[in-house]
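Me: I should like to learn how to read the features of a protein model. May we go through one together, feature by feature?

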Amino acid sequence: MKADVHPSHRPGNFYSGVDLNRADYLRRDGSWLSAALTDETARFIPVWRGCSLIETGVKTRGLWLRGAEIQDLPGYAEEAVFLGQHGGTALFALDLSGLETPENALTIKGRGAFQDLRAVGPLLARQDGAILAYARGLLHWHKRHRFCGLCGSATGLSQGGHVRACSNSACGANHFPRTDPAVIMLIHDGDRCVLGRQKTWPEGMHSTLAGFVEPGESLEEAVAREVYEEVGIAATEVTYHSSQPWPFPSSIMLGFHAQARHGPLTIDTHEIGAARWYTRQELRTSPEDETFRLPRRDSIAWRLIEDWLAL
Ligand SMILES: [Zn+2]
């Protein structure tokens, strides 16, 4: 089975490719931001305790709110985060975590419900998923950086929500949204590849190996280290494949293919529950049930496996 389209010509991974002008120059334009917030074309993407507002209806999609629907919420304008311009529409993300029952507080009763993007993501159109992921990731960072890491003073939203500024004038530190790099890699010997599973994963799910990049190492070194730590084999010929924003809560997944000599695996049971070599035939005939299933279709892990199967 050959892929119909060369991997480099296909759309990016899910949660990427958002049709949004991030318009960083507008983040520093306070008067433009104030006007945009109250413009009737503005739309607000609410996030509540990590969950995204999903429309209740035939089609699964994110529910964007109008200014009139949130104007009674205290402090919304001060805490709205400018995501960018989508067509002619200014998009803002809004954290409603302070409300106990946000569906009741808004004029959305019956139209939508807050759901975990990790669960509902595969049902969404790519653009929708990408924008909700961006909103979720940025608001998660705000929630975790309310105080300055240097002096402990409160921080406040600045530059449309792309900076948090320390309120202590003697300190004055600016803090920027962070994304944690993680490597994810399909290791193969040409004919077989290594998949593993963590005990906390859904029943039967197997996937590629992965881990966070540590300070002072290259991505290639991170791949080799993680593979050696998790299954005790040496990864060589590490080749970049693609990347995927993964805001659960704040990662970017950097995907690789790499080779290893076929041999017994020494599994670190602190890191993973099980791992072994699988042939292409085994994966192509995956039962997709609680005995064995491949990773979710919106993940880069799936793409790494799919492209290797097509080689
Ligand atoms: Zn400070």
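Reply: Let us begin with a definition: two residues are in contact if their C-beta atoms, placed from the backbone, lie within 7 Å. Please keep in mind that this is a predicted model.

Me: Of the contacts with a separation of 6 or more, what percentage comes from residues 24 or more positions apart?

Reply: In the protein chain, such residues account for 65% of the contacts with a separation of 6 or more.

Me: How many helices and strands does the protein chain have, and how is its compactness judged?

Reply: The protein chain has 10 helices and 15 strands. Its radius of gyration is 22 Å, close to the 19 Å that the globule rule gives for 311 residues, so the chain is as compact as a globular protein of that length. Along the principal axes, its C-alpha atoms fill a box of roughly 60 × 50 × 35 Å.

Me: What share of the residues counts as buried?

Reply: A residue is called buried if 20 or more other C-beta atoms lie within 10 Å of its own, and exposed if 12 or fewer do. Of the 311 residues of the protein chain, 34% count as buried. Strand E2 (residues 51-55) is mostly covered, since four of its five residues are buried.

Me: Which strands pair with E2, and in what sense?

Reply: To say that two strands pair, one needs at least two bridges between them. Strand E1 (residues 43-48) is joined to E2 by two bridges, and the two run antiparallel. Within this pairing, tryptophan 48 has cysteine 51 of E2 as its bridge partner. E2 also pairs with strand E6 (residues 112-116), in the antiparallel sense and over five bridges. There, cysteine 51 stands opposite aspartate 116 in E6.

Me: What lies between E1 and E2?

Reply: E1 and E2 form a hairpin with two residues between them, and arginine 49 in the turn has a positive phi of about 50 degrees.

Me: Why might a positive phi deserve notice?

Reply: Most residues other than glycine have a negative phi, and most peptide bonds are trans. Glutamate 237, in strand E13, has a positive phi near 50 degrees. This residue counts as exposed because it has 10 C-beta neighbours inside 10 Å. Glutamate 288 has a positive phi near 55 degrees and lies in the loop between helix H9 (280-284) and helix H10 (300-309). With 11 other C-beta atoms within 10 Å, glutamate 288 is exposed.

Me: Where is there a cis peptide bond?

Reply: The bond from phenylalanine 248 to proline 249 is cis, with omega near 10 degrees. Proline 249 is in the loop between strand E13 (236-246) and strand E14 (251-259).

Me: In an open sheet, which strands stand at the edges, and why do they lack a neighbour on one side?

Reply: Three strands form an open sheet in the order E7-E8-E9, with antiparallel pairing. Strand E7 (155-158) and strand E9 (174-175) stand at the edges, each with a single partner strand, so one side of each has no neighbour in the sheet. E7 pairs with strand E8 (residues 163-166) over four bridges, and glycine 156 stands opposite alanine 165 in E8.

Me: Which domains are assigned, and how do they meet?

Reply: The domain assignment gives domain 1 (24-144) and domain 2 (179-309). Their centres, taken over C-alpha atoms, are separated by 33 Å. Eight residues of domain 1 are in contact with eight residues of domain 2. On the side of domain 1 that touches domain 2, the largest share, five residues, comes from helix H7 (residues 126-144). By class, that side has three nonpolar, three polar and two charged residues.

Conventions. Residues numbered from 1 in each chain as written. Predicted model: local features only at pLDDT ≥ 70, side-chain atom pairs only at ≥ 80, totals over all residues. Domains from an automatic or database assignment. Nonpolar A, V, L, I, M, F, W, Y, C, P; charged D, E, K, R; others polar. Rg over C-alpha atoms; globule rule 2.2 N^0.38 Å.
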